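Me: Please take a close look at the sheet in this model, strand by strand and with what packs on it, and then set that part in the context of the rest of the assembly. I would like one connected account rather than a list.

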Amino acid sequence: MSTIKFSIITAAVGLAVLVFAHWFGVDYVYFAGYTILQFIVLSTAWNILGGYCGYVNFGTAAFFALGAYSSVFWYNFFPLPIPVLIVLGAVGSGIVGFGMGYLTLRLRGAFFSIATLALAVVLQTLVVNWDFVGGSRGAYILHPENLEIGSVSVHYIEYLFTLMLVLTVVALVTARIIERSQLGYGFATIRDDELAAEACGVPTLRLKLIATTLSGAFMGMAGAPFPYYIGYLQPQSAFALDYAVNSIAMPMIGGTQSWIGPLIGAIVLGSAQQYATVTISSAVNLLIVGLMLVGFVIIAPNGLYGLVEEQWRRRRRKS
Amino acid sequence: MTALLHVDNISKRFGGFVALDGINLEVQPGERLGLIGPNGSGKSTLVNCICGTLQNETGNVLFDGRTMDGLAAHQRTHQGLARSFQLPRPFHSMSLADNLRVPLLYTVHARPGQLRTPADVEARCGELLTMVGLASKAKQRPRDLTQVEMRKLELARAMAAEPKLLIADESMAGLSHSEIEDILSLLMELNGRGITIILIEHIMSAVMKFSQRLAVLVSGKKVADGKPEDVVRDPEVVRAYLGQ
Amino acid sequence: MDISADLVVNAIVAGLLLGGFYAAVTAGISIAFGMLDIVNIAHPAFVILGSYIAYFFSASLGIDPIIISILAMPFFYLLGMAVYQVYYVAFERRGQEALRGLAFFFGLLFVTEVTLILTFGVDYRYVEAVYIGPSIHIGLIDMPLRMLVPCLVSLALFAAIELFVTRTFLGRAIMAVSQDQLALQLMAANPIRIKRIAFAISIATASVAGALLIVIQPVEPSVGREYIGRVFAICVLGGLGSMPGTLIAALLLGVVESITSTFYGPSWSPAVSFGFLLLTLAFRPSGLMGR
């Protein structure tokens, strides 16, 4: 299927989701849906570096929070429309992703991963100590209840949901484009055998930097609308470890080698978590995520999509 | 005639261990050089230093008149230096055809005037696979291959980069007589097309048949370098292999 | 801000005591990561587990927490063996340790933390012991026993490990494995078994480190996360696999953190260790005394 066809289909599905949500008419759908869409974007972003290149980023929260806090900064300094904030979030987190990569990607993957953990804590400490963005007390973001576009009045949460939906479509299409391109081949060789990749002429450092920048940028984009969604932003919630665990668990469970894995993982795990949080407790829900991550990593290393793909290949070989 | 590869006084240490001690070596264009030496003598380290996988501490590597110092491994491959690995390192998540596609896309494609359409790339993958007799397995994964086939894939992948100089690092270890002949005739054919080849091997019959010139590495030093018949009779070489 | 000699000296001493304790926490990682190349980022979680076990049995049985942790070491040892076995079979054997092994340990970290939250809640827990409270005064210097005792126990633990690694056959086998697995195999020793023992030892140290932690400060489940950066910073700065280097790096980090905390406030201290780590990785990844 060509990229253009894929983009159209994905956009159409997105539109259908939007129409369905609108018809449902209940705000909760938007609130819950936003969370799941956010996870899809974060998982897809993580997977570009983690699943495609094989470099594990533990610091999703850092890039996400950077996007969120950049929005808080602009809110306090000079209010801008959210789409602009999203672009700024992308730029900020993309630059940090590039910088991090430049400093640590020459080393082994394990060192890069540890450095990402370190980055999250350093950034959190900086934010906690910076009063302009609220520090440890947190920051309030006020927004109107409805967004007025000409004669149309839209619930603010529906507006946020729509933005996140657009972002999701862009992220998925980008992931697929990468996967099928020369870049995607390069990424895969880095994951499979970096030394052999270099010997084949693949400029591994350059590609890894592209991956960290893109990955960071998308995470920042996902974070930019977050303060508006949540209304009151505290460092603990922006930098929560959940983001790191989920953005790793979802692709691992869904499947790391394709754009569809993070999508599957985010929907399956995201919905399960919503359900568990509401019915049992939020701590148990986190336990489930952790256990599923450990379980899948051991038993089904290529995730749900990998299992399906394996079945297809076996059937094709028999015929 | 200027040498295609000029290894000038290369040294490499790992902590306190001296792996290479002032190696000097020249390879002429179109030549077939054999490189032998006991295990641990530094052959693979030398290959790694030439190709950029490791950085030598002293000395210089000159290839095609250009210094390779400071160039990353992938840049040296772009210049025309290719190598196969002693233990095959295929890309496991890809089909054989895709394994070959990578060097085509990243090395050949990157060279000016070597633009290829996707159809060209596909055709070239097929050619290379046919050359090593793996065309029927084009869509399979490396884990489905036998040892010999992995070695051939390894060579095909190095070939895909269209090198001027190919270093074949122990491609024949553990193979049967006919399989060795297979690989040998493949290498001879490549040399016939103008590719300079350095053959690193333990199998003396193959080395003797193949090499126009033979160099011997012992404990990080080059102890002999000349015509194969002369080198194997060199007392120092005999001593290194058989002990005193 | 008055920078009196009194304040500086005490900050340094407190830093040294703290650094000594950090060495105990890092000892396990020094073995697992420095020698076995296993990136066990879940190690701090095992340490916190040790803290809670020390807390639980100390509170219910009235025995000194450090003694409890020593008694608990065999259980941690077995736990370490089990974890390594899973890690080996699922990842190391398949060559997947880079991506999936890391994710595995991360998952373990998370699961351990959440299990502790579910079992004990998020309140801070602390222990009672004879040496928590009194201090020794030597001239300008105030040394709370609460810090001194863990530091001494930690140094003892460290010395024990160093002796083990350099003097015993098993210890030297572990060093051999870290340097050349193939050579070890040729000597007819089973590297997997040796790695398993070494990893189990590294987890056993977590038991003691945990008890020392809860003596020094009250503990709640997420405290482990602060230590991830610290232990890896120390390990990398000290040079992987070098025990003396790890000790020096630990003391150094302790002093820097203490001074930062005294003069700039405690909210900056996580940034110190993690900042150290980033800088070390960026500019001198082989550490101070690296191999």
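**The sheet of chain B and its surroundings**

Reply: In chain B, strand β6 and strand β7 (residues 165-169) run parallel to each other and are paired over four bridges. Within this pairing, B:Arg83 has B:Ile167 of β7(B) opposite to it. The model is a predicted one, and what follows should be read in that light.

The pair belongs to an open sheet of six strands in chain B, whose order is β6-β7-β8-β3-β9-β10 and whose pairing is mixed. At its edges stand β6 (81-84) and β10 (221-226) of chain B, each of which pairs on one side only. From one strand to the next, the twist averages 15°. Helix α1 (residues 43-51) of chain B packs on this sheet, where it touches β3 (32-36), β6, β7, β8 (196-200) and β9 (213-218) of chain B, and the direction of α1(B) makes about 145° with that of β6(B).

Following the chain onward from β7(B), one comes to the loop between β7 and α6 (177-192) of chain B, which holds B:Glu170. The phi of B:Glu170 is positive, near 45°, although the residue is not a glycine. B:Glu170 counts as partly exposed because 19 other C-beta atoms lie within 10 Å, whereas 20 or more would make a residue buried.

A positive phi also occurs in chain C, where C:Asp37, likewise not a glycine, has a value of about 65°. C:Asp37 is placed in the loop between α1 (5-35) and α2 (43-61) of chain C, and with 17 other C-beta atoms within 10 Å it is partly exposed.

To return to chain B, its contact with chain A takes 24 residues from chain B and 17 residues from chain A. On the side of chain B that touches chain A, the elements giving two or more residues are α2 (73-79) and α3 (96-108) of chain B, and α3(B) gives the most, with seven residues. By residue class, this side of chain B divides into twelve nonpolar, seven polar and five charged residues.

Chain A, on the other side of that contact, has a secondary structure of 14 helices and four strands. Its radius of gyration is 19 Å, which agrees with the value near 20 Å that a compact globule of 319 residues would have. The C-alpha trace of chain A spans about 60 × 45 × 40 Å along its principal axes, and 55% of its 319 residues count as buried. Among the contacts in chain A between residues at least 6 apart in sequence, 77% join residues at least 24 apart.

One helix pair of chain A can be described in detail. Helix α4 (residues 82-104) and helix α8 (residues 204-223) of chain A pack at an angle of about 145°, their axes being 6 Å apart, and the crossing of α4(A) and α8(A) is right-handed. Among the residues that make this contact are A:Gly89, A:Gly92, A:Gly94, A:Gly97 and A:Gly101 of α4(A), together with A:Gly216, A:Gly220 and A:Gly223 of α8(A). The contact of α4(A) with α8(A) comprises ten nonpolar residues, twelve polar and one charged.

Key:
Residues are numbered from 1 along each chain as its sequence is written. Chains are lettered from A and ligands numbered from 1 in the order in which they are written. This is a predicted model: local features need pLDDT of at least 70, side-chain atom pairs count only at pLDDT 80 or more; totals for chains, interfaces and linings use all residues. Axes are lines fitted to C-alpha atoms, for helices over the stretch in contact, and angles run from 0 to 180 degrees between N-to-C directions. A crossing is left-handed if the near helix is turned anticlockwise from the far one by less than a right angle, and right-handed if clockwise. Two residues are in contact if their C-beta atoms, placed from the backbone, lie within 7 Å. Ala, Val, Leu, Ile, Met, Phe, Trp, Tyr, Cys and Pro count as nonpolar, Asp, Glu, Lys and Arg as charged, and the others, Gly among them, as polar. The radius of gyration is taken over C-alpha atoms; the globule rule is 2.2 Å times the number of residues to the power 0.38. A residue is buried if 20 or more other C-beta atoms lie within 10 Å of its own, exposed if 12 or fewer, and partly exposed in between; C-beta atoms are placed from the backbone. Two strands pair if DSSP finds at least two bridges between them.
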